[in-house]
Amino acid sequence: MIDILSLEFMRNALLAALLVGASAPLVGVFLVQRGMSLIGDGMGHVALAGVGIGLLTSTSPVLTALVVVVLAAVAIELLRHLGRTGGDLALAVMFYGGLAAGVVIIAKAPTGSATNLQGYLFGALTTVTRSDLVQFAVLAAVVLVTVLVLRDRLFAVAQDEEYAHASGLPVLATNILLAVLTGVTVVISMRVIGLLLISALMILPNATGQYLGRSFRGSLLWAVLVGTLTSVGGVVTSFYADTPSGATIVLMAIAVFVAAACLVTAVRALTRRRHLAAEAHEHVHWEECGHDVVLHGDHVDFLHDGHRHARHGDHWDEHGPDHTDHEDPTLERSHR
Amino acid sequence: MQLSTTPPVIQLSGAAFGYGDRTVVSGLDLTVHRGEVVAVLGPNGAGKSTLVKGLLGLAERHDGSSRILGHEAGSAEARAGIGYVPQRHTLASAVRATAAEIVTMGRTVRTPWWAPWRSRSAADRSLVEESLAVVGLGDLASHDVATLSGGQQRRVLIARALASEPEVFLMDEPTAGVDRGHQQVLVAVMRRLVERGATLVIVTHELDALAEIVTRAVVVRGGGISFDGAPEQLSPGDDAHAHHDDEDDSPPTSVPTTILTTKGGPR
Ligand SMILES: Nc1ncnc2c1ncn2[C@@H]1O[C@H](COP(=O)(O)OP(=O)(O)OP(=O)(O)O)[C@@H](O)[C@H]1O
Ligand SMILES: [Mg+2]
Ligand SMILES: [Zn+2]
Ligand SMILES: [Zn+2]
Ligand SMILES: [Zn+2]
Ligand SMILES: [Zn+2]
């Protein structure tokens with residue numbers, strides 16, 4: 001570990017990984033919530049055209065990509081808003097046109113090369129410069145602060161656009177903002193993760209968070225933790241294994257997802273073995289006994305005094321304190 | 001009465017609402033004053049939800065005028081005074097959200113643009129808690145809404161509207177799927193809201209459940225308002241489930257009997 005940190009490019013790469021690992025899930029969760037998980041992927045395609053323009057004109061590719069991506073973000077949301085038939089086609093033209101234009105321009109640019117292109121698409125450790133890092137840090141700070149301040153609005157608009165609109169929230173502006181944040185995150189990713197893989201880091205940690213958390217907030221915190229850990233871990237692994245960093249990070253994020261899914265399933269299977277009979281009580285729960293009920297797999301639990309009780313033959317089963325949400329249908333009644 | 005000094009809560013004159021180039025309801029004249037509880041009745045597809053969406057500025061206005069609390073429907077000022085309970089079947093989305101997080105949206109929509117983080121204040125949080133408790137969901141506040149039953153999800157949506165402390169509630173079938181016990185709880189809640197000065201517009205197919213608070217019935221049918229008056233004067237012919245109009249989805253007069261006699265069915 002010491003030898004890694006003594007290398008300047010590795011210090012830069014690790015910091016860049018940390019920034020993108022935290023930003024990507026934070027923005028991605030709202031995309032998942034809106035059912036637009038793959039929009040980040042399209043943004044990555046478009047960003048390549050910006051990179052190409054930067055290389056061709058010898059300006060910072062980070063800045064040119066940022067401009068292109070912000071324009072694309074506004075265009076995407078306006079197209080969605082207008083709901084024009086053919087909006088889908090327009091998106092396809094934008095995404096694939098951006099990718100194709102990027103590849104062609106980079107091939108023709110004085111400083112462009114095949115390795116260069118591969119680095120932008122799949123991530124490369126050695127490419128993070130000091131000045132890149134400063135730009136990434138500023139952009140990541142913008143993303144983090146914006147999401148922190150506006151998280152309730154982003155949540156409300158993504159969760160129920162109609163209600164948010166009816167209640168006076170600026171829905172279109174919020175959606176454009178989210179698209180711009182997505183674009184900015186794509187730009188931050190372009191060194192260590194790569195433009196074709198960033199979308200995975202927006203989505204996979206959130207998929208893991210859904211297994212580990214119990215609320216939107218809880219799942220999101222897990223996702224950010226998983227995102228930063230896999231991102232940094234992937235960079236370290238990629239250094240020792242000499243593999244492209246972005247692809248390594250994504251494989252690691254998938255491994256963590258699978259591990260979390262198995263772990264949670266195993267824990268639930270173990271809990272299932274335990275059968276807890278509730279302390280005897282005289283009261284007989286029924287459909288309209290007045291206690292709140294909650295669906296629990298194929299039966300209902302009755303809630304009272306901080307307990308969840310379910311009928312089991314001649315007695316009542318304890319199905320956990322009423323703040324746990326074990327909605328897993330495999331959880332009940334394994335005891336005979 | 002001071003009715004002359006305050007504008008009517010809802011004022012429709014000659015209003016028509018629809019989507020795109022299709023007008024669903026037209027010729028609407030309706031004036032609702034503070035403290036009224038209006039039940040909107042009518043068969044499926046008659047345009048009840050469209051009427052409500054028109055008042056919210058969600059459906060397009062094709063004609064006439066429509067004002068809420070003295071402001072153009074759909075304007076920011078009008079929207080700031082409305083609590084909307086949509087006609088929705090499920091609250092589930094691709095990510096987890098607890099009942100409390102959903103109800104917090106009712107506070108989020110009331111935050112000023114210059115301080116959007118305000119919906120986390122202690123006062124806001126206790127309003128959210130109180131709203132959930134009032135609809136009988138206090139125990140389920142931290143549950144994932146996707147795991148709640150249909151009736152419980154409807155109550156979450158009602159709590160969300162309550163949390164936004166509106167002057168006028170526009171509720172689209174708020175009691176659909178809610179059990180009788182909790183319907184009574186909701187009626188009690190609505191009565192208290194009216195006592196505190198709120199105005200309620202409730203789309204419903206179950207007038208009986210709300211009979212004790214409803215002061216006025218409006219029947220939407222055949223592309224307009226076909227009845228407007230005291231609920232007692234509602235004749236069976238005006239009732240929500242009576243017949244006709246090609247546009248409306250009226251119950252069929254005869255039921256094909258094949259599926260009912262197929263073997264394997266109950267004998
Ligand atoms: N978003 C929409 N775009 C186009 N047409 C719509 C839209 N929403 C509803 N309609 C049409 O408007 C008509 C009235 O629908 P609406 O939902 O207002 O009926 P409703 O009275 O609320 O019925 P229900 O009792 O089933 O809720 C229907 O014919 C429907 O097809
Ligand atoms: Mg309706
Ligand atoms: Zn009971
Ligand atoms: Zn019990
Ligand atoms: Zn038992
Ligand atoms: Zn149970």
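This passage describes a zinc site, the cysteines and the interface between two chains in a predicted model.

In the predicted structure, the zinc ion (ligand 3) is held by four residues of chain A. Three of the donors are histidine nitrogens, namely NE2 of A:H283, ND1 of A:H285 and ND1 of A:H291, and the remaining donor is the SG atom of A:C289. The coordinating distances span 2.0 to 2.3 Å. Angles among the four donor atoms run from 99 to 118°, and the site is therefore classed as tetrahedral, a label that requires all angles to lie between 85 and 135 degrees. Along the chain, the donors of this zinc ion are spaced according to the pattern H-x1-H-x3-C-x1-H.

The accessibility of the coordinating residues was also examined. A:H283 is partly exposed, at a relative accessible area of 33%, and A:H291 is likewise partly exposed, at 25%. The cysteine ligand A:C289 has a relative accessible area of 18% and is classed as buried, because this value lies under the 20% limit. Another cysteine of chain A, A:C262, is partly exposed, with a relative accessible area of 48%. A disulfide is a covalent bond that joins the sulfur atoms of two cysteines. A search over all chains of the structure returned zero disulfides.

Chain A and chain B share an interface in which 38 residues of chain A are in contact with 45 residues of chain B. The extent of an interface is often expressed as the accessible area lost when the parts come together. For chain A and chain B, the area buried between them is about 3800 Å², and carbon and sulfur atoms account for 52% of it. On the chain A side, the greatest losses of area to chain B fall on A:D152, A:E162 and A:Y163, which together contribute 18% of what that side buries.

Polar and charged interactions also occur between the two chains. Four salt bridges were found across the interface of chain A and chain B. A:D152, one of the residues that lose the most area to chain B, forms a salt bridge with B:R120, in which the closest N and O atoms are 2.7 Å apart. In addition, 12 residue pairs are in polar contact between chain A and chain B, counting pairs with both residues at pLDDT 80 or more.

Definitions and conventions: Residues are numbered from 1 along each chain as its sequence is written. Chains are lettered from A and ligands numbered from 1 in the order in which they are written. This is a predicted model: local features need pLDDT of at least 70, side-chain atom pairs count only at pLDDT 80 or more; totals for chains, interfaces and linings use all residues. Side-chain values use heavy atoms; hydrogens and water are left out. Donors are N, O and S atoms within 2.8 Å of the metal (3.2 Å for Na, K and Ca); water is not among the atoms, so sites may look incomplete. Four donors count as tetrahedral if all angles lie between 85 and 135 degrees; four count as square planar and six as octahedral if opposite donors are over 155 degrees apart and all others between 65 and 115; anything else is irregular. Buried means under 20% relative accessible area, exposed over 50%, partly exposed in between (1.4 Å probe, protein chains only). A disulfide is a pair of cysteine sulfur atoms within 2.5 Å. Contact means heavy atoms within 4.5 Å. Buried area is the accessible area (1.4 Å probe) that two parts lose on being put together, summed over both. A salt bridge is a side-chain nitrogen of Lys or Arg within 4 Å of a carboxyl oxygen of Asp or Glu. A polar contact is a pair of N or O atoms within 3.5 Å; within protein, one must be able to donate a hydrogen and the other to accept it, and residues adjacent in sequence count only if both atoms are side-chain atoms.
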